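Here is a quick walk through one protein model, written for someone who would rather look at the side chains than read a table of coordinates. Salt bridges come up early, then the sheet and the pockets.

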Amino acid sequence: MGSKNKLKRFKENETFENVFQPTRDELVKESYHLKGKWRKDVFKNDHPLVLELGCGKGEYTVGLAKRYPDKNFIGIDIKGARFWRGAKTAIEENIPNAAFIRTQIELVEYIFEENEVDEIWITFPDPQIKYKRTKHRMTNLQFLERYKKVLKPDGLMHLKTDSEFMHGYTLGLLHGLKKEVLYSNHNVYKLEGSPEEVTEIQTFYENQYLEKDKAITYIRFKIN
């Protein structure tokens, strides 16, 4: 994507009512004004709150919001030029229960109050296969602890990935921590029993993986 396109998208994001771009200082050094108030001040309802972490172009955030109008969805990504597409689609198609935040995932506990979130989706994260990159894996122990702080006690986690490594790593970690794995499937399009929301919503990158006949995996689990 050219730099002019990126700048145009950044500017357009600033005009979208469904896009929030707090600075790091606003989150870490101050108490963010929407923390604990996303339902009341943004969505104007008391529906369940669902996050998509590393939302990319926002296809899952928008797809889930259309599928579940009685839930609120927030896509989070540091790359605003990517989720611009999802934010714009939500506005064009009048999807009021989809919003986006431009920030780093590790700041999630500064954006949401304790027990404010009902579900978290992680879709096609970078598996960070090299050992020295373990600290960047979005399902490592440190990240799970961050998610645990904002999730309700019975909150759900979802991991959808094309990486067999990430799938296995996460399952192994969950079993080691004695966390509850509710469902696991290492090839959602070929094995029976896959939830519809897993197979009916596809991301831009997922379609590329499917063209290469890569297996798509999914885990639903609890961490509290």
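A salt bridge here is a side-chain nitrogen of Lys or Arg within 4 Å of a carboxyl oxygen of Asp or Glu. Keep in mind that this is a predicted model. With that rule, Arg 146 and Glu 109 make the cut, their closest N and O atoms being 3.8 Å apart. Arg 146 sits in helix H7 and Glu 109 in helix H6 (residues 108-111), so this pair links distant parts of the chain, 37 residues apart. As for solvent, Arg 146 is partly exposed, at 22% relative accessibility.

How many salt bridges does the rule give? The count comes to 15. Three of the pairs are set out below.

| Pair | Closest N to O distance |
|---|---|
| Arg 67 and Glu 200 | 2.8 Å |
| Arg 85 and Glu 92 | 3.1 Å |
| Arg 146 and Glu 109 | 3.8 Å |

Take the Arg 67 and Glu 200 salt bridge, at 2.8 Å. Arg 67 belongs to helix H4 (residues 59-67), while Glu 200 is in the loop between helix H9 (196-199) and H10, so the contact ties together parts that are 133 residues apart in sequence. Arg 67 has a relative accessible area of 30%, which makes this residue partly exposed.

Now the Arg 85 and Glu 92 pair. Arg 85 counts as partly exposed at 31% relative accessibility. Its partner Glu 92 is exposed, with a relative accessible area of 53%. Why do the two get separate labels? Because exposed means over 50%, buried means under 20%, and partly exposed is what lies in between.

There's also a network of salt bridges, and Arg 39, Asp 118 and Lys 152 are the residues linked in it.

On to the sheet. Eight strands form an open sheet with mixed pairing, and the order across it is S1-S4-S3-S2-S5-S6-S8-S7. Which strands are at the edges? They are strand S1 (19-20) and strand S7 (181-185), each pairing on one side only. In general, strands of a sheet pair through backbone hydrogen bonds, either parallel or antiparallel. S2 and S3 go for the parallel sense, over five bridges. If you want a spot to zoom in on, Glu 52 stands opposite Gly 75 in S3.

Next, the empty space. The largest pocket holds about 700 Å³. It is lined by 31 residues, and the closest to its centre are Gly 54, Asp 77, Pro 125, Asp 126 and Met 138. Some elements from the sheet turn up again here: strand S2 (49-53), strand S3 (72-77) and strand S5 (117-123) each give two or more residues to the lining, as do helix H7 (141-150) and helix H10 (204-211). Sorted by class, that lining has 12 nonpolar, eight polar and 11 charged residues.

The second largest pocket has a volume of about 290 Å³. Of the 14 residues in its lining, Glu 17, Asn 18, Ile 95, Pro 96 and Ala 98 lie nearest the centre. Helix H3 (38-43), helix H5 (80-92) and strand S4 (98-102) supply at least two lining residues each, and H3 has the largest share, with three. By class, the lining of this second largest pocket divides into 10 nonpolar, two polar and two charged residues.

Note on methods. Residues numbered from 1 in each chain as written. Predicted model: local features only at pLDDT ≥ 70, side-chain atom pairs only at ≥ 80, totals over all residues. Heavy atoms only, no water. 1 Å grid on protein atoms, 1.4 Å probe; cavity = no way out; pocket = protein on both sides within 12 Å on 5 of 7 lines; lining within 4 Å. Points joined across faces, edges and corners; volume = space filled by probe spheres on them. Helix = DSSP H or I, 4+ residues; strand = E, 2+ residues; numbered from the N terminus. Nonpolar A, V, L, I, M, F, W, Y, C, P; charged D, E, K, R; others polar. Buried < 20%, exposed > 50% of the residue type's maximum accessible area, 1.4 Å probe, protein only. Pairing = 2+ DSSP bridges.
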